[in-house]
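Biologist: I would like to go through this model with you, beginning with its charged pairs and then moving to its open and enclosed spaces. Could you take me through it?

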Amino acid sequence: MRRCCALGLIALLAGCAMAPRVPLPADTAAIRDFELSGRVAVRMEGRGYAARLRWQHRDSRDALWLYSPVGSVLATLTVAANGAVLTTADQATFRSSDVQELTREVLGWDLPLEGLQHWVVARPDPHVPIEDARRDPRDRLQSLRQREWTISYLAYAADSGLPSSMALRYGQLQLKLVIDRWHHAAPAP
């Protein structure tokens, strides 16, 4: 009897020690900070690249890590009010005030972080005009065109408003982002 009570108490305490899981939201309007992990595929001028991705977005700072398929760091990118810093696997460091230009010069492809921070949570960038937008029957974005980028939402996570797969096109550049895991701060009541 004592063993059963002790095991029950341990199980109860272990359950209390776990952080509560915040459900994925149906409406993403209140999301300001998020973290995601997934994969990115890049196709440009007949060449293709693939990497794993981890991204932490805060209102005033972004940090991204690109990993090889075997888990080694290919590049890290940090962006704050004072500019962007990209560090490659061989520890070469590059700086610029323009993230898209920096990634184009160092990685060979554009990363539209300024718009992507909105697009990845299925919202248009509020700072630029919407060229085109289409929604599904549940009022979730199916496609969006802004900043000369065309964003297609291929799938959504569970029963939420957060995408799990999206494709982006900018001229000859094609990016595909698959999001395996979302974490976001619950909006304040």
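**Salt bridges, spaces and core**

Modeller: In this predicted model, the side chains of E114 and R147 form a salt bridge, with an N to O distance of 3.3 Å.

Biologist: Where do E114 and R147 lie, and how far apart are they in sequence?

Modeller: E114 belongs to helix α3, while R147 sits in the loop between β8 (141-146) and β9 (149-156), so the salt bridge ties together parts that are 33 residues apart in sequence.

Biologist: Is E114 buried or exposed? And what about R147?

Modeller: E114 counts as exposed because its relative accessibility is 52%, and the cut-off for exposed is over 50%. R147 has a relative accessible area of 27%, so R147 is partly exposed.

Biologist: Which residues are linked in a network of salt bridges?

Modeller: The network links E114, D125 and R147.

Biologist: How many salt bridges does the count come to?

Modeller: The count comes to nine salt bridges. One of them joins the side chains of E35 and R58, at 2.6 Å from N to O. That pair links distant parts of the chain, with E35 in strand β1 (residues 34-44) and R58 in strand β2, 23 residues apart.

Biologist: Is E35 buried or exposed?

Modeller: E35 is buried, at a relative accessible area of 17%. Its partner R58 is partly exposed, at 31%.

Biologist: Which residue forms a salt bridge with D110?

Modeller: That residue is R104, and the closest N and O atoms of the two are 2.7 Å apart. D110 is buried, with a relative accessibility of 5%, whereas R104 is partly exposed, at 39%.

Biologist: Why can such side chains pair at all?

Modeller: As a general matter, side chains of opposite charge can pair when their charged atoms come close.

Biologist: Changing topic, how much space lies in the largest pocket?

Modeller: The largest pocket holds about 350 Å³ of space. It is lined by 23 residues, and V79, S97, V99, L113 and E114 are the closest to its centre. E114 is thus a pocket residue as well as a member of the salt-bridge network.

Biologist: Which elements give two or more residues to that lining?

Modeller: They are β2 (47-58), β3 (61-67), β4 (73-80), β5 (83-88), α2 (99-107) and α3 (113-119). The largest share, four residues, comes from α3.

Biologist: What does the lining of the largest pocket look like by class?

Modeller: The lining has eight nonpolar, eight polar and seven charged residues.

Biologist: And how many cavities of 30 Å³ or more does the structure hold?

Modeller: The structure holds two of them. The largest cavity contains about 110 Å³ of space, and the second largest has a volume of about 60 Å³.

Biologist: Which residues line the largest cavity?

Modeller: Its lining consists of V40, L53, W55, L64, L66, W109, L111, L116, L168, L175 and L177. The elements giving two or more residues are β2, β3 and β11 (173-184). By class, the lining has 11 nonpolar residues, with no polar and no charged ones.

Biologist: What lines the second largest cavity?

Modeller: The second largest cavity is lined by L64, L66, A75, T76, L77, L86, L107, W109 and L111. Here β3 and β4 are the elements that give two or more residues, and β4 gives the most, with three. Eight of the lining residues are nonpolar, one is polar and none is charged.

Biologist: Which residues have the most contacts inside the largest nonpolar core?

Modeller: They are L77, W119, V120, Y153, M166 and W182, in a core of 41 residues. L77 also lines the second largest cavity.

Biologist: What is V120 in contact with, leaving aside its neighbours within four places in sequence?

Modeller: V120 is in contact with F34, L36, W55, P163, M166, L177, I179 and W182. Of these, M166 and W182 are also among the core residues with the most contacts, while W55 and L177 are among those lining the largest cavity.

Biologist: One last residue: where is T87 found, and is T87 buried or exposed?

Modeller: T87 is found in strand β5 and counts as buried, at 17% relative accessibility. Not counting residues up to four places away in sequence, T87 touches L74, A75, T76, A92 and T93. Two of those residues, A75 and T76, are in the lining of the second largest cavity.

Conventions. Residues numbered from 1 in each chain as written. Predicted model: local features only at pLDDT ≥ 70, side-chain atom pairs only at ≥ 80, totals over all residues. Heavy atoms only, no water. 1 Å grid on protein atoms, 1.4 Å probe; cavity = no way out; pocket = protein on both sides within 12 Å on 5 of 7 lines; lining within 4 Å. Points joined across faces, edges and corners; volume = space filled by probe spheres on them. Nonpolar A, V, L, I, M, F, W, Y, C, P; charged D, E, K, R; others polar. Salt bridge = Lys/Arg side-chain N within 4 Å of Asp/Glu carboxyl O. Buried < 20%, exposed > 50% of the residue type's maximum accessible area, 1.4 Å probe, protein only. Core = buried A, V, L, I, M, F, W, Y, C linked by side-chain atoms within 4.5 Å. Contact = heavy atoms within 4.5 Å.
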